[in-house]
Amino acid sequence: DRMAPMAPHTLDSMTYMKYAQHWDGADMDLGQDYRAIRWLQDNVQGSPVIVEANVTEYRWGTRYTIYTGLPGVVGWNFHQRQQRALIPPNLITDRIDQIGLFYNTLDPVAAHEFLLRYQVQYIIVGQFERILYPDGVAKFDRYDGRYWREDYRAADTAIYEVLP
């Protein structure tokens, strides 16, 4: 589902995205994520927390944390449960549920409270988030400049910086 025969052979593990389409409920041009990930790598200093779609393993979720190394609200579900085996697993699954509620909510105050609780600095709204949370992502454009500010946009992909 992500194979791109035209992609050059390279040690850069992201190059395939410039050539690939991915299907996860709808066709996605992975070049959009490629360009947004590169923007984060080139423009973000330090290790700010980001939030992005979190889904079951081997789907397209947590791709920005994977490719940038930036911390997310929660990483891969199974890896988090495996590496934190001594804590109750619901602490991880509850965070995953909170991410879904954050993206789905139409209430900007509830969304902002989530961002503060997890100290999120950047919000990812890419094609995948638009597929998973079609109604909830409209709040990001609607409240741009009030709770967050759009720092990056190309086609269907936007990155918002959380305002203090």
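## How strands pair

Two strands count as paired if DSSP finds at least two bridges between them. Keep that in mind as we walk through this predicted model, starting with strand β5 (residues 148-154), which is joined to β6 by six bridges. The two strands run antiparallel. One pair you can look for is W148, which stands opposite V162 in β6.

Now follow the chain from β5 into β6. The two form a hairpin, with two residues between them. A155 sits in that turn and has a positive phi of about 60°.

## The other side of β6

β6 has another partner too: β4 (residues 120-125) pairs with β6 in the antiparallel sense, this time over four bridges. Here, V125 stands opposite A158 in β6.

## The whole sheet

Put the strands together and you get an open sheet of four, in the order β3-β4-β6-β5, with mixed pairing. β3 (49-51) and β5 each have a single partner strand and stand at the edges, so one side of each has no neighbour in the sheet. On average, neighbouring strands in this sheet are turned by 25° against each other, direction ignored.

## Is β6 buried or exposed?

Let's zoom in on β6, which covers residues 157-162. This strand is mostly covered, and six of its six residues are buried. Which residues point to which side? T157, I159 and E161 are on one side, while A158, Y160 and V162 are on the other. Both faces are covered, and the residues on both sides are all buried.

## Helices across the sheet

Two helices are worth finding on your screen. Helix α1 (residues 30-43) lies across β4, β5 and β6, and runs at about 30° to β6. Helix α5 (residues 108-117) lies across β3, β4, β5 and β6, running at about 125° to β4.

## A look at N54

Last stop: a residue outside the strands. Where is N54? You'll find N54 in the loop between β3 and α2 (63-68). Why does N54 count as buried? Its relative accessible area is 8%, and buried means under 20%, so N54 falls into that group.

The side chain of N54 also has a polar atom that lies 3.3 Å from the backbone oxygen of V74.

Technical notes: Residues are numbered from 1 along each chain as its sequence is written. This is a predicted model: local features need pLDDT of at least 70, side-chain atom pairs count only at pLDDT 80 or more; totals for chains, interfaces and linings use all residues. Side-chain values use heavy atoms; hydrogens and water are left out. Buried means under 20% relative accessible area, exposed over 50%, partly exposed in between (1.4 Å probe, protein chains only). Axes are lines fitted to C-alpha atoms, for helices over the stretch in contact, and angles run from 0 to 180 degrees between N-to-C directions. Contact means heavy atoms within 4.5 Å. A polar contact is a pair of N or O atoms within 3.5 Å; within protein, one must be able to donate a hydrogen and the other to accept it, and residues adjacent in sequence count only if both atoms are side-chain atoms.
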